[in-house]
Amino acid sequence: MRKRKMNLEEVLEKLKGKNVKRIGIQLPDGLKYKSEQIAEFFESKGYEVIISGSHCYGACDLDLDLLKEVDVLLHLAHTSIFELENVIYVPYYVDYDVEDFEDVEIEEKKIALIASAQYAWKLPEVKEFLESKGYEVELKTGSKRVKMPGQVLGCNYTVLRNSKAEAVLFVGDGLFHPIGAKIYSKKKVYRFCPLDKEFEEVKVDDFLKRRYLSISKALNAEKGAIIVSKKIGQKRLGLALSLKRKAKERGRSVEIIYLDDLSPQVLENFLYGYYVNTACPRISYDDIDLYSVPILTPQEFEITLGLRDWENYEVDEIL
Ligand code: SF4
């Protein structure tokens with residue numbers, strides 16, 4: 001397995017001929033340690049550089065304040081969601097060998113192929129390889145929020161919409177995306193990680209139990225609030241207002257809180273018994289242990305309002 005570096009030479013090519021003096025650099029928190037090296041690279045080519053120190057969670061999270069101060073903002077390590085003038089996305093891909101799929105044995109013969117952004121770039125080759133092993137492979141494009149065939153985000157599984165496959169194969173590390181894919185598609189989901197060659201069928205029982213518990217706790221709480229993010233690709237004010245109206249019609253009172261980064265520290269200053277998160281869905285699902293009160297998704301809030309049955313549980317998506 002080889003890691004592909006972010007291609008900075010390609011960025012230099014894109015900057016050629018443009019009147020660019022000052023560059024902004026935005027990296028996800030896990031890669032911020034690389035910012036010094038990247039800044040020095042562009043400074044050595046004669047550019048002035050400003051590094052974004054704000055949190056960055058995904059391509060949905062552009063530093064628009066920094067963009068006002070620079071000629072070009074380099075948003076590193078994510079594939080694009082928005083085509084904005086003066087923003088250059090520099091993706092970060094993991095390289096792997098398709099021959100490693102030799103040992104992947106799936107009972108079902110008709111499978112849909114999906115992956116997170118770092119792995120999706122190689123899915124056409126994986127498809128070809130699996131087809132040579134006798135599988136019928138579906139590799140579909142999703143909504144405009146995802147750029148590559150088969151690509152899923154923690155907030156978007158549209159590549160599985162109307163899938164005719166009998167099962168899904170997720171390529172990548174971590175369990176978050178395949179769990180989302182299973183709830184979204186209601187099909188059997190397998191995960192293969194090319195990094196450690198781990199292959200498994202993904203189970204969601206524990207995940208759903210914890211969601212059920214959060215919903216029950218929220219049902220017993222007196223007052224709640226709906227969180228709306230200021231981030232360009234997470235802001236769902238319309239949804240929050242609609243949920244507030246629906247809650248009021250059913251005799252439940254909720255306020256709307258508008259903020260930049262949702263964190264336990266920010267919520268410490270409020271006294272609500274539960275929150276409905278319309279920002280990044282991963283906050284509700286992944287960070288559940290960080291919060292002392294339930295952080296529901298919009299769909300879970302609908303269950304508390306009697307607008308949706310538990311049997312129709314759906315994963316939260318931003319389209
Ligand atoms: Fe990723 Fe969350 Fe942004 Fe979706 S909303 S792109 S899951 S950080």
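**Exercise 1. Work out whether K223 is buried, partly exposed or exposed, then find its salt-bridge partner and say what the pair ties together.**

Step 1: K223 has a relative accessible area of 32% in this predicted model. Buried means under 20% and exposed means over 50%, so K223 lands in the partly exposed class.

Step 2: Now look for the partner. K223 forms a salt bridge with E255, and the closest N and O atoms are 3.4 Å apart. The cut-off is 4 Å, so the pair counts.

Step 3: Place both ends. K223 sits in the loop between α7 (205-220) and β12 (224-229), while E255 belongs to strand β13 (residues 254-259), so the salt bridge ties together parts that are 32 residues apart in sequence.

Step 4: Check the other end too. E255 is partly exposed, at 32% relative accessibility.

Step 5: Some salt bridges share partners. D61, K231, D260 and D261 are joined into one network that way.

**Exercise 2. Take the salt bridges K127 with E131 and E198 with R191, and describe how exposed each residue is.**

Step 1: Start with the total, which is 26 salt bridges in the structure.

Step 2: In the K127 and E131 pair, the side chains meet at 2.8 Å, N to O. Both residues are in helix α5 (residues 123-132), and being 4 residues apart they are separated by about one helical turn.

Step 3: Add accessibility. K127 comes out at 23% and E131 at 34%, so K127 is partly exposed and so is E131.

Step 4: Turn to E198 and R191, where the closest N and O atoms are 2.6 Å apart. E198 is partly exposed at 38%, whereas R191 is buried at 6%.

**Exercise 3. Find which residues make up the negative patch and the nonpolar patch on the surface, and place one member of each.**

Step 1: The negative charge gathers at E99, E102, D103, E125 and E128.

Step 2: Pick E102. Its place is the loop between β6 (94-95) and β7 (110-115), and with a relative accessible area of 45% it is partly exposed. Patch members need over 30%, so E102 clears that bar.

Step 3: The nonpolar patch consists of L64, L84 and I232, which together have about 190 Å² of accessible area.

Step 4: Pick L64, found in helix α3 (residues 64-69). L64 has 35% relative accessibility and counts as partly exposed.

**Exercise 4. Decide whether C56 is in a disulfide, and whether C56 and C280 are buried or exposed.**

Step 1: Searching the whole structure for disulfides turns up 0. For C56, the nearest cysteine sulfur is that of C60, 7.5 Å away. A disulfide needs the sulfur atoms within 2.5 Å, so C56 is in none.

Step 2: C56 has a relative accessible area of 3%, and the figure for C280 is 17%. The limit for buried is under 20%, so both cysteines are buried.

**Exercise 5. Say where H78 lies, whether it is buried or exposed, and how far it is from V90 in sequence and in space.**

Step 1: H78 is in the loop between β4 (72-76) and β5 (87-90).

Step 2: With 16% relative accessibility, H78 counts as buried.

Step 3: H78 and V90 are 12 residues apart in sequence, and their C-alpha atoms are 6.6 Å apart in space.

Note on methods. Residues numbered from 1 in each chain as written. Predicted model: local features only at pLDDT ≥ 70, side-chain atom pairs only at ≥ 80, totals over all residues. Heavy atoms only, no water. Buried < 20%, exposed > 50% of the residue type's maximum accessible area, 1.4 Å probe, protein only. Patch = residues over 30% accessible without salt bridge, like charges linked within 9 Å, V, L, I, M, F, W, Y side chains within 5 Å. Areas by Shrake-Rupley, 256 points an atom, 1.4 Å probe, with all protein chains shown as cover. Lys, Arg positive; Asp, Glu negative; His and termini not counted. Charge placed at Lys NZ, Arg CZ, Asp CG, Glu CD. Helix = DSSP H or I, 4+ residues; strand = E, 2+ residues; numbered from the N terminus.
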